[in-house]
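Here are some notes to read alongside the structure. Please keep the viewer open and look up each place as you go.

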Amino acid sequence: MSERLKAPRGTRDVLGEQAAAYAEVEQRARGVLEAAGYERIETPAFEATELFARGVGPATDVVEKEMYTFEDAGGRSLTLRPEGTAPVCRAYLEHGMSRRPQPVKLWYMSSFFRFERAQAGRYRQFWQVGAEAIGSDDPAVDAESILLLAELFDTLGVRGLRLRLSSLGTPRTRALYREQLIEHLNRHAEQLSTEVRERMQRNPLRAFDSDHAGTRAVIATAPKLLDALDSADREHFTAVRELLDDASLAYEVDPMLVRGLDYYTRTVFEFESAELGAQRGVGGGGRYDGLIEQLAGPPTPGCGWAAGVERILLAGEPLARAGAPVDLYVGFDAPQRRRVAFALATQARQAGLHAQLELAGRSFPKGQLKHADRLGARFVALLGADGVALRQMDTGEQTETASEGLIAQVLRRR
Ligand code: HAM
């Protein structure tokens, strides 16, 4: 016998109540985001590898270690999308969305792929709900975007939230700061983890993400990017904070916050939930004013976020919805009545009822009634040798009926 196959490591089947919970997240996200003018977008599951190399940044963990990259039969290098911002910006350019009134606001809920160490809350295929507003550098975009994510978490009952907020400034500020930071790291090189030391020149900001005790000590005394902002960036950050204060949204300014993707400029933020273990980040994002240019477009600011659906479900209140009701279950006693029973169930659905047919040859009527009861059916049609009976399951009342009027009766009494 050949071996039974399992879903690949780090992937999950989404079944039953879980599937209903995903659908509920999507529905509530639609409610929150479409009320603010966000339109749904769906981009392909794979893109040219270069999109992520250029967009997300060649020195990021995502691009260096985590992409599912393959060559297709036509010899092109493709990558399963590890994130949604670069694809949405590509689509913005490809469809000439700069000609629309700005900002263009788009949202998505899709699956993403990263080759990461699988653990609770971290998967190799996971779902994100995300929102991007492209074409405005107004600080109100940043604040509104953060508030919408907070509102989404609120409607989904996500508990134990903490919002960290910072500003990374412009690429120029960051380039100057980078040199200062490398100098500081170099001065304390012997205390740093091997990984941070090795990547210091390429991506010194990663040191802020390290769990290594020595590195953390060095970082504690490092100069902070937040102190190096120029006046325009500082003004922008102040304006974002004022709007969040006006909306009474609590946050902590955290100069240690860096995000794992290279496209961020100015505002960055992350929501963490105390309900989650090591993988606390439930959603995050920020401004990416240089990304569209990075993708060969004209200078175009943008701002957005993404939140992990599995993490929302781990940290949120149970979202199981009642299953779809069954108005009518159609049972029959013998194969010669299958066609009539089949037609009755089909017509019932056409009339708008939720209707199911006996499909497993259960005993008539006992086994079939038991199954209909398990499904929570309101009515059961029993097609037997003596004619058709309609049984109302909660009262047990059963009446002989002509099959023509049966659907109308269920519609009336439902
Ligand atoms: P990110 O922080 O890499 O940002 O991912 C956003 C969220 O996706 C995380 O907070 C986490 O909840 C979830 N997530 C990430 N990786 C995994 C994983 N392996 N398993 C389960 N959940 C995961 C972005 O992706 C940016 N595109 C967000 C953004 C949009 N920035 C601006 N616009």
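1. Let's begin at the ligand. In this predicted model, a polar backbone atom of G304 sits 3.4 Å from a nitrogen atom of the ligand. Taken alone, the ligand would expose 660 Å², and the protein buries 95% of that area.

2. Two further backbone contacts are worth finding. At Y123, a backbone N or O atom lies 2.8 Å from a nitrogen atom of the ligand. At V282, a polar backbone atom is 3.1 Å from an oxygen atom of the ligand.

3. Now step back to the whole shell. How many residues surround the ligand? There are 26, and the closest are E83, E116, Y123, E132 and Y264. By type, the shell divides into nine nonpolar, 10 polar and seven charged residues.

4. Which strand gives the most to this shell? That is β10, with six residues. Strand β10 covers residues 281-287, and β6 (125-134) and β11 (302-308) also supply at least two shell residues each.

5. E116 deserves a second look, being one of the closest residues to the ligand. E116 also forms a salt bridge with R122, where the closest N and O atoms are 4.0 Å apart. Is this pair buried or exposed? Both E116 and R122 are buried.

6. Next, please turn to strand β7, which runs over residues 161-167. Five of its seven residues are buried, so β7 is largely enclosed by the rest of the structure.

7. The partners of β7 can be traced one at a time. With β9 (residues 265-273), β7 pairs in the antiparallel sense over seven bridges; here R162 stands opposite E272. With β8 (residues 252-253), the pairing of β7 is parallel and runs over two bridges. In that case R164 has E252 as its bridge partner.

8. Salt bridges are a good thing to browse next, as the structure holds 36 of them. One example joins the side chains of K65 and D61, at 3.7 Å from N to O. Both residues belong to helix α3 (residues 61-65), where they are four residues apart, about one turn of the helix.

9. The two ends of that salt bridge differ in how they are covered. K65 has a relative accessibility of 45%, so K65 counts as partly exposed. D61 has a relative accessible area of 18% and is therefore buried. The cut-off behind this is that buried means under 20%.

10. K65 and D61 also belong to something wider. Which residues share their network of salt bridges? D61, E64, K65, E195, R199, R202, R206 and D209 are linked in it. Try selecting these residues together in the viewer to follow the links.

11. One last pair is R362 and E358, whose side chains meet in a salt bridge of 3.2 Å from N to O. R362 has a relative accessible area of 28%, so R362 is partly exposed. E358, at 4% relative accessibility, counts as buried.

Note on methods:
Residues are numbered from 1 along each chain as its sequence is written. This is a predicted model: local features need pLDDT of at least 70, side-chain atom pairs count only at pLDDT 80 or more; totals for chains, interfaces and linings use all residues. Side-chain values use heavy atoms; hydrogens and water are left out. Buried means under 20% relative accessible area, exposed over 50%, partly exposed in between (1.4 Å probe, protein chains only). Two strands pair if DSSP finds at least two bridges between them. A residue is near a molecule or strand if one of its heavy atoms lies within 4 Å of it. A polar contact is a pair of N or O atoms within 3.5 Å; within protein, one must be able to donate a hydrogen and the other to accept it, and residues adjacent in sequence count only if both atoms are side-chain atoms. Accessible areas come from the Shrake-Rupley method with a 1.4 Å probe; for residues, only the protein chains shown count as cover. Ala, Val, Leu, Ile, Met, Phe, Trp, Tyr, Cys and Pro count as nonpolar, Asp, Glu, Lys and Arg as charged, and the others, Gly among them, as polar.
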